Amino acid sequence: MHERRFNPAHANRLEDPERLRWLPPNEIVEALRIQPGTVVADVGAGTGYFALPLARAVGPAGKIVAVDAQQEMLALLEKKLNAPELAHVELVQAEAHETSLQAGSCALVFLANIWHEFDDRKAVLHEAIRILQPGGRVAILDWRTDVEPAAGPPLDHRIAAAHAEHELREAGFAPHGSARLWRYSWLVQGEKQP
């Protein structure tokens with residue numbers, strides 16, 4: 001594991017109630033404009049901080065594919081999936097650049113707080129293009145570079161939203177602009193071109 005990848009030994013930090021104040025998952029899901037019946041790949045799903053609210057947003061007609069490279073994280077998420085209303089959450093252990101998901105199977109690829117971890121972001125975006133339906137979207141949520149790290153990775157690990165937009169454009173996405181969200185985060189979205 002390289003120094004930027006989240007250490008599963010610190011998974012309790014992802015469940016800290018204080019996190020709900022500075023990174024409210026329901027408000028972020030709302031910003032994603034999720035429709036019932038949508039198929040979403042939550043890449044880097046971790047313990048399900050976003051996968052569970054996403055599952056409620058897409059409803060039983062939709063599907064959440066929770067992808068994470070670390071089996072320890074998926075095991076923690078799996079313990080939360082005993083409710084019948086979460087039966088449409090599928091767990092996949094895979095790297096972000098090789099998800100093993102079917103081509104054209106997702107309407108949204110969501111990457112939350114992991115963009116700074118990738119060595120090859122271009123490969124991650126190419127994989128997103130592969131698994132997205134025509135007109136599908138990628139949404140990248142990550143750490144602001146202009147805020148001291150009371151939470152999150154060190155400043156020198158962070159990537160600016162403008163740089164992520166540039167990377168989307170270079171990969172062939174049509175960026176929808178970026179937004180600062182709450183105290184520590186930015187969100188950049190892009191649409192897959194035909």
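Is K63 buried, partly exposed or exposed? In this predicted model, K63 has a relative accessible area of 33% and is therefore partly exposed. This residue is a convenient point of entry, since it leads directly to the charged contacts of the structure.

The structure contains four salt bridges. In one of them, K63 is joined to E90, with 2.7 Å between the closest N and O atoms. The two residues belong to separate strands: K63 lies in strand β2, which covers residues 63-68, and E90 lies in strand β3, which covers residues 89-93, so the contact ties together parts that are 27 residues apart in sequence. E90 counts as partly exposed, because its relative accessibility is 31%.

A second contact of this kind is found between helices. E167 forms a salt bridge with R121, and the closest N and O atoms are again 2.7 Å apart. Here the link runs between distant parts of the chain, from E167 in helix α6 (residues 161-171) to R121 in helix α5 (residues 121-131), a separation of 46 residues. Both partners are covered: E167 has a relative accessible area of 14% and is buried, and R121, with a relative accessible area of 18%, is buried as well. The cut-off that applies to both is 20%, since a residue under that value is counted as buried.

Helix α5 also holds a salt bridge within its own length. The side chains of E127 and R130 meet there, at 2.8 Å from N to O. Because these residues stand three positions apart in helix α5, about one helical turn separates them. The two partners fall into separate classes of accessibility: E127 is buried, with a relative accessible area of 7%, whereas R130 counts as partly exposed at 34%.

The account now turns from side-chain contacts to the backbone. Most residues other than glycine have a negative phi. Against this background, R33 is noteworthy, for it has a positive phi of about 55° although it is not a glycine. R33 is located in the loop between α2 (25-31) and β1 (39-43), and its relative accessibility of 46% makes it partly exposed. S100 likewise has a positive phi, near 70°, and is a residue other than glycine. S100 is found in the loop that lies between β3 and β4 (106-112). With a relative accessible area of 62%, S100 is exposed.

Where does W182 take a positive phi? The residue belongs to the hairpin of β6 and β7, which has three residues between the strands, and its phi is near 60°. This hairpin introduces the last part of the structure to be considered, strand β7 and its neighbours.

Strand β7 spans residues 185-192 and is mostly covered, with seven of its eight residues buried. Which strands pair with β7? One is strand β5 (residues 132-143), which pairs with β7 in the antiparallel sense over seven bridges. In that pairing, W143 stands opposite S185 of β7. Another is strand β6 (residues 173-181), which runs antiparallel to β7 and is joined to it by seven bridges. Here S178 has V188 as its bridge partner in β7. Strand β7 thus has bridges to β5 and to β6, and is a strand in which seven of eight residues are buried.

Note on methods: Residues numbered from 1 in each chain as written. Predicted model: local features only at pLDDT ≥ 70, side-chain atom pairs only at ≥ 80, totals over all residues. Heavy atoms only, no water. Helix = DSSP H or I, 4+ residues; strand = E, 2+ residues; numbered from the N terminus. Buried < 20%, exposed > 50% of the residue type's maximum accessible area, 1.4 Å probe, protein only. Pairing = 2+ DSSP bridges.
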